[in-house]
Amino acid sequence: MKVTKEGFKDFSDEQLMLALKQGEKLAFNELYLRYSDKLYGYLLKMLWYNEVRAQDLLQDVFTKIITQPHLFDTNRNFKTWLYTIAANLCKNEFKRNEVRKGTVNGVENQVAISSDTNVEKEVHERHFRKALDEALLKLDNKHREAFVLKHIDGLSIKEIADIMGANEGTVKSRLFYAIKKLSESLQIFELV
Amino acid sequence: MDEFEIIKQKNRYDELSASEKQALMDLCDNEQSFAQIKSLMQHAEGALPVSTPAHVHEQLLAVYDTTYPVQVKRIPKSIPLYGYVVAAAAVVLLVLLIYPITQNGSNPQVAKKGNENKPALPQAKDTTDEPINRQEEKPHKSNPQPLIAEVETPSTIHQEDIENIPPYNDDLEKEPKPVAASISPELMEDNEVSKTETAAMDVKQEMLTSKYIAVEVADRKDKSKSAKSKKWVTPSMLKNIRPVF
């Protein structure tokens, strides 16, 4: 592995953690660039799109990486370890707060939109995404978490099981439930 | 392959095999539900990424600087291949430079052999039939001023004179032997005073000449050696030398 002009782009996550332990600032920078956006999106969906709380928790996650890198087991997958920290912080947040709804402006579900033009297609897409976000909020935390990790962040069922501390069968059943519920909520949309 | 991968790969519910339909039974059991779930998954995965605010990054970098105030210099993870080649070449070069020096210093015979291999100094030519010319002493390059004064000597010395020279020894510097021992009794009887004196003078003259020539020969020999080993003419020798005209 060469340290190229771009820094540590060719390094794996585990190698970056080792470099970070030795005081390599660029290694931390690379890790942040790789995972900050995805992790922020996950936290937004888990915390009902509360941007302030999502930013706070994102900062907490990376601060823990900086101050306690020894907690990372090099034999473990870094991505699952990172999401585990975020999931545990979300659980703590759930316990501290009552269920709150985010500030997402939903769309009237009775409206059925279908069109052949591009502009209307874009509008349709935008409305669908908003409806999806709203429907996610209605899900239980565990189901929502399973759906977000699988279908938005692209983790495998094994990784999700590791993060949630459950077996793969349990993760599958949660995913099945979340998809069914969401599809029923978005049934009115004539999907293109 | 999990159930969601099956849904991603197939476009229609009818394309599913019996076993696949069995696996997806809890999710969908007809074309409509299959299409809806497929679309939902596509939209969820194609969602636009969320951008993290810049101030979060800046705050985290400040935390890092506080936690790691002294940052290590970057050490390359790997050395390119040519780096090893250059390092090996440098080591070989050093060995080649140092090894001969250490060998010469530890083995004096090698140094001697080195001296033996040096070209021989030019030897004196065999000039038996030629008059020997005195060569002027040339001052050594390192000593611009001659260490000894030039000796006034005859310009030429014939070879026959040298052959008649008795071997040089220190005894010559002592008082000469009595002349009477070398002169026949008949001469002594005829010319007591003048002849005796003349003979004595002649002998003395011969002895001085032989001394002088011996010094000269010795000097020539010394000249062939190195400048350091040159035999200087001592002041006592200079006293005994008289110019011959």
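Mentor: Let's start with a word we'll need: a residue is buried when its relative accessible area is under 20%. This is a predicted model, and in it F72(A) and F78(A) are both buried.

Trainee: How many aromatic pairs does the structure hold?

Mentor: There are 14 over all chains. F72(A) and F78(A) make one of them, and that pair is edge-to-face.

Trainee: What makes F72(A) and F78(A) a pair, and why is it called edge-to-face?

Mentor: Take the distance, then the angle. The ring centres are 5.6 Å apart and the cut-off is 6.5 Å, so the rings pair. Their planes are at 75 degrees, and anything over 60 counts as edge-to-face, so the name fits.

Trainee: Which residues do ring pairs link into a cluster?

Mentor: F28(A), Y32(A) and F62(A) from chain A, together with Y64(B) and Y68(B) from chain B.

Trainee: Let's go to helix 7 of chain A. What makes helix 7 "mostly covered"?

Mentor: Helix 7 spans residues 157-164, and six of its eight residues are buried. Those are I157(A), E159(A), I160(A), A161(A), I163(A) and M164(A). They pack against helix 4 (78-96), helix 6 and helix 8 of chain A. Just after the helix, G165(A) has a positive phi of about 75 degrees.

Trainee: M164(A) is in that helix. Why is M164(A) called buried?

Mentor: Its relative accessibility is 11%. The limit is under 20%, so M164(A) passes.

Trainee: What does M164(A) touch beyond its neighbours within four places in sequence?

Mentor: K91(A), K142(A), E145(A), A146(A) and R174(A). Look at E145(A) in particular: 19 residues separate it from M164(A) in sequence, and the C-alpha atoms are 8.7 Å apart in space.

Trainee: How can M164(A) and E145(A) be in contact with C-alpha atoms at 8.7 Å?

Mentor: Contact asks for heavy atoms within 4.5 Å, so the C-alpha distance isn't the one being tested.

Trainee: Now the two chains. How many residues does each chain bring to the contact?

Mentor: Chain A gives 48 and chain B gives 40. About 4200 Å² is buried between them, with carbon and sulfur atoms giving 63% of that. On the chain A side, K25(A), H151(A) and F176(A) lose the most area, together 15% of what that side buries.

Trainee: How do you know that K172(A) and E3(B) form a salt bridge?

Mentor: Their closest N and O atoms are 3.6 Å apart. The limit is 4 Å between a Lys or Arg side-chain nitrogen and an Asp or Glu carboxyl oxygen, so the pair qualifies. The count between chain A and chain B is two salt bridges, and there are also 14 residue pairs in polar contact.

Trainee: Which elements of chain A give two or more residues to that side?

Mentor: Six helices are on the list, including helix 1 (13-21), helix 3 (51-67) and helix 8 (168-185). Helix 2 gives the most, with ten residues. By class, this side has 25 nonpolar, 13 polar and ten charged residues.

Trainee: What is chain B made of?

Mentor: Ten helices and two strands. Reading from the N terminus, six helices come before the two strands and four after. Of the 245 residues in chain B, 22% are buried. Among its contacts between residues at least 6 apart in sequence, 53% join residues at least 24 apart.

Notes. Residues are numbered from 1 along each chain as its sequence is written. Chains are lettered from A and ligands numbered from 1 in the order in which they are written. This is a predicted model: local features need pLDDT of at least 70, side-chain atom pairs count only at pLDDT 80 or more; totals for chains, interfaces and linings use all residues. Side-chain values use heavy atoms; hydrogens and water are left out. Buried area is the accessible area (1.4 Å probe) that two parts lose on being put together, summed over both. A polar contact is a pair of N or O atoms within 3.5 Å; within protein, one must be able to donate a hydrogen and the other to accept it, and residues adjacent in sequence count only if both atoms are side-chain atoms. Ala, Val, Leu, Ile, Met, Phe, Trp, Tyr, Cys and Pro count as nonpolar, Asp, Glu, Lys and Arg as charged, and the others, Gly among them, as polar. Buried means under 20% relative accessible area, exposed over 50%, partly exposed in between (1.4 Å probe, protein chains only). Rings of Phe, Tyr and Trp (its six-membered ring) pair if their centres lie within 6.5 Å; planes under 30 degrees apart count as stacked, over 60 as edge-to-face and the rest as tilted.
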